[in-house]
Amino acid sequence: MAKLLVEKSEPLRGSVKIKGAKNSVLKLMAASILAEDTCTIESVPELLDVEVMITLLEALGLSVDYDREKEILEIHPAKELKCEAPYELIQKMRASFLVMGPLLAKKRIAKVSMPGGCDIGARPIDLHLKGFQALGAEVTLGHGYIEAKAENGLVGSEVYLDFPSVGATENIMMAATMAKGQTLIQNAAKEPEIIDLANFLNEMGANVKGAGTDTIRVVGVESLKGTRHQTIPDRIIAATYMVAAALTQGDITIENVVSSHVKPITAKLREMGVTVEDDDDRIRVYTTGPIKAVDLMTLPYPGFPTDVQAQFMALLAVSEGTSVITETVFENRFRHVAEINRMGANVKIEGHSAVIQGVKVLQGAQVKATDLRAGAALVLSGLIADGTTEIDEIYHIDRGYPQIEKDLVSLGARIRRIED
Ligand SMILES: CC(=O)N[C@H]1[C@@H](OP(=O)(O)OP(=O)(O)OC[C@H]2O[C@@H](n3ccc(=O)[nH]c3=O)[C@H](O)[C@@H]2O)O[C@H](CO)[C@@H](O)[C@@H]1O
Ligand SMILES: C=C(OP(=O)(O)O)C(=O)O
C-alpha cells in the first residue's frame, strides 16, 4: 500500500489555492439524478470519493464524463434509471446513501444498501428515514437493504430533525423537491454545503428557501432540468492549511476560500496567539510566537467543525499548557490519539474529551491514518517532528485531499509518496 514519508520541514511559506469541496460535490452529483437533462459541475476535485460516486451514478444508469484536468463533470440522465444502489458501492463511502432521496423523488421507489458504521462512529441513518416517512414513503428494512416506496409520489410535510444532521437535511431536501406541496425541515443543518446544494437545486428549477438557517422550506415542482454550477471551495482543506501555517511557524496565504466559512477556525487560531488576516476570499495565517493552549468543542455549523478536530489536536499537542478538546458530533472520533501519542504527544481520552498536555517536540514514527482527517493531522505533525514520519493507510487521506503532498511541498514541506 502507498505511504507518505514526511520529514521535519522548514516553516511553510507561500500561497496555495483551494479546490472544490468534497462534501459539497458528492451531494451535487447525487442531486444530478433528479435532472431531466445534463448537469455540469465545475471545480470537481480529483478524489477517491468522487470516483466512487461516479461509479455509483453509472451503476444507476447515468452516464458521466469527467475531465480531470479541467475539473469538470458532466452528468447525463439515465435512459432507464435503476432504483437499486448495491452494498459494494454504498459501503465504500457514507455519502453514497445520499442517492436515496433523489431516487425516491424521481422513481418513487429506492432500494439502497444500509451504509453501516465507520471509523468515526456508528453513524445511523434513522433521521434520513424518518424524513422519508414523513413525506409519505413506506420504509422497510431487510437483508441489509432499505427500501422506500411512495407509489403515488411523495407529499410535502413537516420534518423536525432531533439533531441537525448534514446528510439527513440534504437527503430530505432532495426528496422534497418533487413532492406535492410544501415541506418544512426544522432544526436543519446549516453547513455551507447545504446552501451550495440548495443553490444547485434552485438552478435546476426547484423551490428551496431558507438553506443556511434552521428552517428549510421546499415547495415541490413537477420536474427539474439540467444546470451548470461551480462547487464551493473546501473549507476543511483550507482549515487544514491554516493549521499547517501555525504549526510550522510559517506564513501561508490561502486563496479561493470563503472566509466566513472558516470563522470558527480563525477565531480559535487567534485565541491561540496566531495572526489571521482575512479578506472575503483569501486568508493569510502566520505566527512566530508560541501556541497557547485552548479548549474547544466540536459542534454543528457554525460551531467548530468535527472535521478539523484532529488537525487542531496536532497543533495543541505542541502548545504551551493543557487543552481540552470535546467531541460532540461523533462518538468515536479520537482514534488518531494513539497515533499522535506514538509521535511523543501527551493526550489522554476521558469520555468524549481529550486532554492534551503540550510537549516541546514530536518525534517521527511509523503511524497509520485511521480516518481522513486523522491522516491529515499526522501529515501536519510530521512536518515538525524530528526525523521521518511514515504514514500508512493513506487511502483515507486520498478520499478527501486531492493533492495534500503537492500543496504542502509547494509551500516548502518535505513529503514523498511511496507507491507500492
Ligand atoms: C460527506 C459529508 O458531507 N460528510 C460530512 C457530514 O457527514 P454526515 O452527513 O454523515 O454527518 P451528520 O451531520 O449526519 O452526522 C452528525 C451526527 O448525527 C448522527 N446521525 C446522523 C444521521 C442520522 O440519521 N442519525 C444520527 O444519529 C451521526 O451518527 C453523527 O453522530 O457531516 C459531518 C458533520 O459535520 C462531517 O463530519 C462529514 O464530513
Ligand atoms: C468524515 C468525513 O467524511 P465522510 O462523511 O465522507 O466519512 C470527513 O470529510 O471528514
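**Notebook: Asp307, Leu127, ligand 1 and a sheet**

I began with Asp307, which is found in the loop between strand E18 (296–297) and helix H10 (309–316); helices (H or I, at least four residues) and strands (E, at least two) are DSSP runs numbered from the N terminus. I noted that this is a predicted model, in which local features need pLDDT of at least 70 and side-chain atom pairs count only at pLDDT 80 or more, while totals for chains, interfaces and linings use all residues. Residues are numbered from 1 along each chain as its sequence is written, and chains are lettered from A and ligands numbered from 1 in the order in which they are written.

I looked up the surroundings of Asp307 and found it buried, with 25 other C-beta atoms within 10 Å (20 or more count as buried; C-beta atoms are placed from the backbone). Leaving out residues up to four places away in sequence, Asp307 touches Ile236 and Arg373 (contact: C-beta atoms within 7 Å).

I turned next to Leu127, which is found in helix H5 and counts as buried with 20 C-beta neighbours inside 10 Å. Its contacts, with the same sequence neighbours left out, are Leu161, Asp162, Phe163, Ser165 and Ala168.

Around ligand 1 I found 21 residues, of which Asn23, Leu127, Ser165, Val166 and Gly167 come nearest (near: C-beta atom within 6 Å).

Last, I looked at an open sheet of 4 strands in the order E4-E5-E3-E14, with mixed pairing (strands pair if DSSP finds at least two bridges between them). Strand E4 (63–67) and strand E14 (228–230) stand at the edges with a single partner strand each, so one side of each lacks a neighbour in the sheet.

Technical notes
A residue is buried if 20 or more other C-beta atoms lie within 10 Å of its own, exposed if 12 or fewer, and partly exposed in between; C-beta atoms are placed from the backbone. Two residues are in contact if their C-beta atoms, placed from the backbone, lie within 7 Å.
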